[in-house]
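I am opening a fresh page for a two-chain model and will note each thing I looked up as I go. The entries start with the chains and end with single side chains.

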Amino acid sequence: MKFRCERDALVDQLTASSRAVSNRGGALPVLTGVFLSVDDDVLTIIGSDLDLTVRSSLRVTVIDPGKAVVPARLIVDIVRSLDSGAVEISIQGDEAKISGGRSNFALRTLPVDDFPILPQPSGNKVTVTSEALSYGLRQVVMAASSDDARPILTGVLLSAEEGGLRLVATDSYRLAVRDLPDATVLNEGQKVLVPSRALNELIRVLGDADEVVVRLGDRDVTFDVVTDIGSVQVTTRLIEGEFPNYRQLIPSSYPNQVVVAREPLLEAVRRVKLMAREATPLRITQKLNTLELMAITQDVGQAHEEVDAIYDGEELTVAFNAEYLIQGLEAATGDEVVLETLDALKPAVLRSNSGGDFLYLLMPVRVS
Amino acid sequence: MFNDSELSFATGEAEEALPILHVDMDAFYVEVERRRNPSLVGKPLVVGGTSVRGVVASASYEARLKGVRSAMSSVQAKRLCPEAIFVSSDFSTYVEASKEIHEVFFSITPFVETISLDEAFLDVRHALRLFGSSESIAWRIKNDVWETVGLDCSVGVANSKLLAKLASVAAKPQITESGVSAGLGVKIVREADERSFLHAHPVRSLWGVGAATFAKLESLGVSSIGDLAQVPVSSLVSVLGVAHGKHLAMLSKGDDSRSVEIKRPTKSISHERTFEVDIHRYEVLKSEIISLSDAVAARLRSKGLVGKTISLKLRLSDFSLVSRSISIKEGTDLSGQISAKVLGLMAKVDFSDGVRLIGIRITGLGTKGPEQLGLDYESFDQTESNQLALSVTEQKKLAIAVDKIRARFGQSAINPGASGKNFREPGQQRWA
């Protein structure tokens, strides 16, 4: 195997595929590597941990077709370290030679025959505008849990709702819901649970593409993205199990509604958060036409700021995890947001004042 | 605050203050059992050790006369004293009795340092004007404890904790060849007698002199504290190291400036269990882990604490000790979270030869801070139905309910179904 290509494009595709590679490799040491194959004029790079597989491809100048498995971390670091320009990679015996400019590397390959045969994508192709999907995913994916002890919460629920697509994620402390009214990906009544890790990788590659092709199989889902330099295919296993019944948590009405400009509130929260150290929450007091933000960390100090708002309900103080609040404010769209509260121990709702497509439910922090 | 000279003036006595009292109950568990069942009075009685692998928690003076000691295996105790009556320990009753005794202490002074259920230091320097000399306070405590609780105690009175503790031992009933003789009840160590009193004691009665240190001291020809006081500090330092050597040199001169600490912050909470036969089956160990985790978590909650480091201790059939621990980012007081971590630790241990003892300990304790509340899902992931799969929110609700039920109906009223065990009472087989 021998081929030549541009360093910049190779870095992008190698990085995309290597992100699916697990550091440990688990039972299969060969999975610490990326699978490279060249034929005709295309290089295909596959990284996988068996749950998540990323196949990227790139047009290259092929000198000899062939295939090899190369340690993922090393080859990414090596290619990235090279100057822009031509890179040549060749396999000789069990060694991969990488050269660019006046630099030459040789590294041991992994046994190519050990690389598992990965399932091929299945299901009907549905084409979706990538911008809408990308934006919607970014609005909810941060609310998914990173705790593997509760696998269901590490996923994002995709469900067909009234002809559109609904995205839902929760880590049990907050819940983010986004409706994409025009996206038809699933059949009516269908719902799937996609690992948030795979969706984070998808978000990375969606940025450069206009469209994404979605194929939903029985046990996995595949996203195909064509970019300027080649293509990336993300295949992930679906999470099995029942997503919690989130609908009953969203109250139909709230007694206390505050309307507040989003950016100024976000900036104020970021400032006050500086004094919300460790587990200390940020307290929000709703007063007549004012939101009062406060953070006090014992033995460190305190911060206080007032933000103009539209409010004429009773005075109420609710404490929140500042980071969760920031993520909700970042995800909400529009110039103004509505913060709705019930009391200091009940979930609060944050939504855009202009449209109803995004909703963020956040549990308070109990302060004694 | 008074200093000593003001205090003498204030009390109008030239007498020295001797502010430290050490109160130690006489055969505490035994006497509590006899108070409940008077037919046991006068008979050799052993508390604890009713199971095959058990150890003696406390022995009556009649049994001690035959050589039975606490922490001795019940097998050995039975061999030494076949006629002894064994009763299993009942910690909740001992805790209750201990509370009553502490009420007596607190009626004298708030400066009480609890060492264990049956032992405490009191600093009475601020009580002298109210109650008279520390000697009279000591007798008052002894009488009040007898009258309100019906139990005997011995009181040591001195200028330091070290001397007060040795004095209470000297005040205890004595076991002689002819039998048990009543003790002094109260022993006063006046300043003038400190040296002679202290130096007559064997060096092993000092804190910090265990078997290893004793062997080293013996090599220096030291057997009594008096001998120790004769050894130059430099020699002690060369044998025992700087810190330990200097510390012992100071103690040997009666130099002990530790004050009575009103509250000792809890540093760890632990529970353990010794099995009657070695356990090989994972299921049995798992249910014990759930039971021990439940006990540890309940104690954490009762103290309003959360812990960050969870440790598993196993003594295997060959007596080798295995310890594993894991730290979590946010402190917990939930049994489900503790048992999940312990089961994770357990998975990495080879216990195929059998387990003799299993213990769980939690450290890295802190007070419960602000609590991030969780969303309340009605039904959640019904495919996982065991306790470990409960969400944190559900576990918190469960803990609140369990605590309420136990507060109302007693500790054994509700237990984890997976444990198949009774709740461990506070004080029961802890490991430090």
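**Entry 1: the chains**

I began with chain A, where, among contacts between residues at least 6 apart in sequence, 64% join residues at least 24 apart. I note at the outset that this is a predicted model, and I read every value below as computed from that model. For the secondary structure of chain A, I found 6 helices and 26 strands. The burial figure for chain A is 54% of its 368 residues.

I then put the same questions to chain B. Its secondary structure comes to 16 helices and 16 strands, and 45% of its 432 residues count as buried. When I took the contacts in chain B with a separation of 6 or more, I found that residues 24 or more positions apart account for 67% of them.

**Entry 2: the interface**

How many residues does each chain bring to the contact? I looked this up and found 15 residues from chain B and 24 residues from chain A. The area buried between chain B and chain A is about 1,800 Å², and carbon and sulfur atoms give 59% of that area.

Next I looked for polar links across the interface of chain B and chain A, where the rule finds 4 residue pairs in polar contact, with both residues at pLDDT 80 or more. Sorting by class the side of chain B that touches chain A, I recorded 7 nonpolar, 4 polar and 4 charged residues.

For salt bridges, the rule finds 1 across the interface of chain B and chain A. Which side chains meet in a salt bridge here? They are those of A:Arg366 and B:Glu371, with a distance of 3.2 Å from N to O.

I followed these two residues into the backbone pairing. Strand 26 of chain A, residues 365–366, is joined by 2 bridges to strand 16 of chain B, residues 371–372, and the two strands run antiparallel. Within strand 16 of chain B, B:Glu371 is the bridge partner of A:Arg366, and I therefore note that the two residues are linked both as bridge partners and through their side chains, given that a salt bridge is a side-chain nitrogen of Lys or Arg within 4 Å of a carboxyl oxygen of Asp or Glu.

**Entry 3: salt bridges within the chains**

I widened the search to the whole structure, and it finds 45 salt bridges over all chains. I looked at several of them in turn.

In chain A, the side chains of A:Lys97 and A:Glu95 meet in a salt bridge at 3.2 Å, N to O. I checked the exposure of both: A:Lys97 is partly exposed, with a relative accessible area of 30%, and A:Glu95 is partly exposed, with a relative accessible area of 30%. Also in chain A, I found a network of salt bridges that links A:Lys2, A:Arg4 and A:Glu88.

In chain B, I looked up B:Glu119 and B:Lys165, whose side chains meet in a salt bridge at 2.6 Å, N to O. This pair links distant parts of the chain, since B:Glu119 sits in strand 6 (residues 119–123) of chain B and B:Lys165 in helix 8 (residues 161–170) of chain B, 46 residues apart. Are the two partners buried or partly exposed? B:Glu119 is buried, with a relative accessible area of 12%, whereas B:Lys165 is partly exposed, at 22%.

The other chain B pair I took up is B:Glu272 with B:Lys313, a salt bridge in which the closest N and O atoms are 3.1 Å apart. Because B:Glu272 lies in strand 11 (residues 269–279) of chain B and B:Lys313 in strand 12 (residues 305–316) of chain B, the pair ties together parts that are 41 residues apart in sequence. B:Glu272 is buried, with a relative accessible area of 11%, and B:Lys313 counts as buried at 14% relative accessibility.

**Entry 4: a buried serine**

I closed with B:Ser134, which is found in helix 7 (residues 134–149) of chain B. Why does B:Ser134 count as buried? Its relative accessibility is 4%, and buried means under 20%.

I then asked what its side chain meets. A polar atom of the B:Ser134 side chain lies 3.0 Å from the backbone oxygen of B:Ala17, and the backbone oxygen of B:Leu18 lies 3.0 Å from a polar atom of that side chain. Leaving aside neighbours within four places in sequence, the residues in contact with B:Ser134 are B:Ala17, B:Leu18, B:Leu21, B:Val124, B:Leu128 and B:Val157.

Note on methods:
Residues numbered from 1 in each chain as written. Chains lettered and ligands numbered in written order. Predicted model: local features only at pLDDT ≥ 70, side-chain atom pairs only at ≥ 80, totals over all residues. Heavy atoms only, no water. Contact = heavy atoms within 4.5 Å. Buried area = accessible area lost by both parts, 1.4 Å probe. Polar contact = N/O pair within 3.5 Å; in protein donor to acceptor, adjacent residues only side chain to side chain. Nonpolar A, V, L, I, M, F, W, Y, C, P; charged D, E, K, R; others polar. Pairing = 2+ DSSP bridges. Helix = DSSP H or I, 4+ residues; strand = E, 2+ residues; numbered from the N terminus. Buried < 20%, exposed > 50% of the residue type's maximum accessible area, 1.4 Å probe, protein only.
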